[in-house]
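Visitor: Hi, I've got a structure open and could use a tour. Can you walk me through it?
Guide: Sure, let's put it up and start.

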Amino acid sequence: MLKPTITLIALSLSLAACSNASAPAKPLTKLSGTDHPFASESVYFVLTDRFVDGDKTNNYESDSGWNLPLVWDNGDEGNVGFMGGDFKGLLNNADYIKDMGFSAIWMTPIVQNPADAFNGGKRIQAHGFAMDKGKAAYHGYWGVNFYKLDKHLPSADLDYAQLNQALSEKGLKTVLDVVINHGSPAYTMETVLPDYGKLYDKDGSLVADHMNLAPAQLDPDNEPLHRFFNQQPDLAELADMNVSNPEVMDYFVNAYLQWLDQGAGAFRIDTVKHVPTEAWGEFSQRIRAKYPQLFMFGEVYSFDAEEIAQYTHPDNGGMSVLDFPMKQALGEMFEQNKGFETLLPTLHLKDGPYANPYELTIFYDNHDMPRMNADDNGFINAHNWLFTARGIPVIYYGSEIGFERGKAEHKGNRNYFGQERIEQAKQHPIRAKLADIAMVRAQNVALQRGLQFNLEFKGDRASFYRVYQDGEQSQTALVLLNKGDKAQRFEISQYLQAGTWTDAQTKQTQTVAANQALITEVAPHAVKVLVMSEPVTDADFISALTQN
């Protein structure tokens with residue numbers, strides 16, 4: 001990961017027009033949270049099977065894994081079967097995603113999974129984890145051949161490379177969901193099913209088979225098809241991969257290099273803490289030997305910053321991580337009505353455990369937890385924060401309409417979105433406000449890369465600066481947030497630079513004289529971003545930004 005940058009850059013300043021002499025180079029302090037190219041992105045996360053069915057010829061509706069509805073006593077509905085979402089449905093709606101201000105699409109894993117419903121494991125309950133009996137691999141996390149696309153995703157005229165090319169032409173990149181911890185459910189089957197517990201190579205040859213045996217029954221010393229697996233159980237009944245075996249690591253490194261060669265733009269890494277830390281160090285080093293600037297962000301499902309931060313350091317993978325501690329704070333704010341001060345302990349702007357907090361991916365919910373249970377204003381306020389604060393925003397599909405709010409995995413979290421809802425969403429107030437603030441972030445480098453300096457975090461109010469400058473560009477953004485039901489008056493004087501400030505949304509300007517406060521009002525459930533594109537002149541402010 002790239003560390004926050006604070007250096008001096010020499011700027012050549014010309015003398016007055018009447019002189020032909022050159023002024024001596026004058027130092028300008030470089031101020032940057034991160035220079036990684038991916039910091040400019042904002043990510044829309046789709047569970048591909050549940051987005052849009054764009055090609056019914058790849059549905060395979062005769063397989064036992066197709067369309068497996070769940071109906072609960074309270075009327076909640078879910079589904080644990082394939083429902084048709086595919087590459088074509090994604091590409092057909094690329095403009096819908098781009099028009100919201102997103103620049104990257106994280107898709108659930110694309111590799112081959114079993115087609116039938118699993119018949120082992122624990123019975124599915126309304127709440128809980130590791131319950132897979134009767135469930136299909138619609139989510140993509142049960143890989144059996146990591147070199148081959150799952151048959152439900154491509155079309156005759158649209159494979160993964162073609163999808164990446166078509167999305168790139170629309171200004172979108174893809175984030176590949178990476179799994180090396182496990183394969184498919186591998187034991188407790190009532191009768192052995194095709195592909196479950198098996199692993200195939202690039203040529204389609206069987207290289208590993210759990211043989212429906214519990215991990216302790218595996219015999220890798222005498223059965224070559226057991227050599228890829230660990231002999232201790234981990235997650236549910238999944239085949240647990242022994243990535244300490246060089247053959248296993250080679251398998252995964254080469255598989256994911258293949259998908260990078262076909263245009264994947266970044267990695268999201270699954271179940272990070274279930275893999276030895278040294279394995280992530282090796283994996284990332286080998287991947288980055290060919291793709292040195294590749295951005296990777298991992299899922300370390302923990303609300304402990306110290307635990308998740310270890311993976312941001314080079315020996316443990318040097319990846320970004322999904323910011324679970326911030327997600328927890330956002331839930332308290334928008335589900336329990338706590339104040340902005342709840343966020344402060346999660347930021348770790350200086351001297352924190354992360355290699356670089358500005359490269360964390362920030363979010364409020366996803367496919368593995370209940371969706372955020374907030375009203376429309378809660379979603380609007382959450383987006384106003386995610387697209388202005390430090391980090392890279394990640395939004396789960398459907399959040400632009402508050403889809404299935406409060407619902408857990410089996411009760412609606414992963415339900416099918418569909419073309420009809422997409423058309424309806426184009427008029428939704430959450431989506432309209434999301435697009436507004438996402439476009440502001442996309443157009444202002446300070447919100448993507450700038451150092452963050454907090455002014456006020458209390459109750460319904462927050463204010464902070466984002467400051468970025470280098471040899472070619474200088475920008476300070478003053479961010480004012482109001483999550484309350486009443487308009488809020490802000491009076492900003494601390495480190496306020498004299499000059500003209502421009503409202504990033506309305507383009508109206510406000511000129512502030514030296515030693516004068518900037519006074520403005522922010523509407524209920526709104527954000528105001530005021531921008532100045534001049535170098536920072538206050539030495540005390542530079543010192544405050546740069547001190548450890």
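**A buried arginine and its partners**

Guide: Let's begin at Arg414, which is buried, with a relative accessible area of 5%. Keep in mind that this is a predicted model.

Visitor: Which residue does the Arg414 side chain meet in a salt bridge?
Guide: Asp368, at 3.0 Å from N to O. The two come from distant parts of the chain, 46 residues apart. Asp368 is in the loop between β17 (361-362) and α9 (376-386), while Arg414 is in the loop between β18 (392-396) and α10 (418-425).

Visitor: And Asp368, how accessible is that one?
Guide: Asp368 has 28% relative accessibility, so it counts as partly exposed.

Visitor: Which residues are linked with that pair in a network?
Guide: Asp132, Lys135 and Glu409 join Asp368 and Arg414 in a network of salt bridges.

Visitor: How many salt bridges are there in the whole structure?
Guide: A search finds 31. One of them joins the side chains of Lys133 and Glu190, at 2.4 Å from N to O. That pair also links distant parts of the chain, 57 residues apart: Lys133 is in the loop between β7 (111-112) and β8 (145-149), and Glu190 is in the loop between β10 (182-185) and β11 (198-200).

Visitor: Why does Lys133 count as partly exposed, and Glu190 as exposed?
Guide: Lys133 has 31% relative accessibility, so it falls in the partly exposed class. Glu190 has a relative accessible area of 59%, and the cut-off for exposed is over 50%, so Glu190 is exposed.

Visitor: Got another salt bridge for me?
Guide: Try Glu404 with Lys407, where the closest N and O atoms are 3.3 Å apart.

Visitor: Switching to helices. Why does the length of α7 look right?
Guide: Helix α7 covers residues 324-336, which is 13 residues. At 1.5 Å a residue it should span 18 Å, and its end C-alpha atoms are 17 Å apart, so the two agree.

Visitor: What happens at the two ends of α7?
Guide: At its start, a side-chain oxygen of Asp323 reaches to within 3.1 Å of the backbone nitrogen of Met326. Just after the helix, Asn337 takes a positive phi of about 65°.

Visitor: Which residues of α7 are buried?
Guide: Quite a list: Phe324, Pro325, Met326, Lys327, Ala329, Leu330, Gly331, Met333 and Phe334. Their cover includes α6 (305-309), α8 (344-347), β17 and α9.

Visitor: What about the largest nonpolar core, which residues touch the most other members?
Guide: Phe51, Tyr256, Phe267 and Trp385, out of 177 residues in that core. Helix α4 (residues 246-261) gives the most to this core, with ten residues.

Visitor: What is Phe51 in contact with, leaving aside neighbours within four places in sequence?
Guide: Among its contacts are Tyr44, Val46, Leu90, Tyr96, Ile97, Tyr397, Phe417 and Ile422.

Visitor: Different topic: where is Asp63, and is it buried or exposed?
Guide: Asp63 is in the loop between β3 (43-46) and β4 (69-71). It has a relative accessible area of 18%, and buried means under 20%, so Asp63 is buried. Not counting residues up to four places away in sequence, Asp63 touches Ala115, Asp116 and Lys151.

Visitor: Last one. What does UniProt annotate for residues 45-431?
Guide: The unreviewed UniProt entry gives "domain: Glycosyl hydrolase family 13 catalytic" for residues 45-431. In the model, that span is 25% helix and 14% strand, and its end C-alpha atoms lie 15 Å apart.

Conventions. Residues are numbered from 1 along each chain as its sequence is written. This is a predicted model: local features need pLDDT of at least 70, side-chain atom pairs count only at pLDDT 80 or more; totals for chains, interfaces and linings use all residues. Side-chain values use heavy atoms; hydrogens and water are left out. UniProt positions are given in the numbering used here, feature names are shortened, and annotations may be inferred rather than shown by experiment. Helices (H or I, at least four residues) and strands (E, at least two) are DSSP runs, numbered from the N terminus. Buried means under 20% relative accessible area, exposed over 50%, partly exposed in between (1.4 Å probe, protein chains only). Contact means heavy atoms within 4.5 Å. A salt bridge is a side-chain nitrogen of Lys or Arg within 4 Å of a carboxyl oxygen of Asp or Glu. The expected span of a helix is 1.5 Å times one less than its number of residues. A polar contact is a pair of N or O atoms within 3.5 Å; within protein, one must be able to donate a hydrogen and the other to accept it, and residues adjacent in sequence count only if both atoms are side-chain atoms. A nonpolar core is a set of buried Ala, Val, Leu, Ile, Met, Phe, Trp, Tyr and Cys residues joined through side-chain atoms within 4.5 Å.
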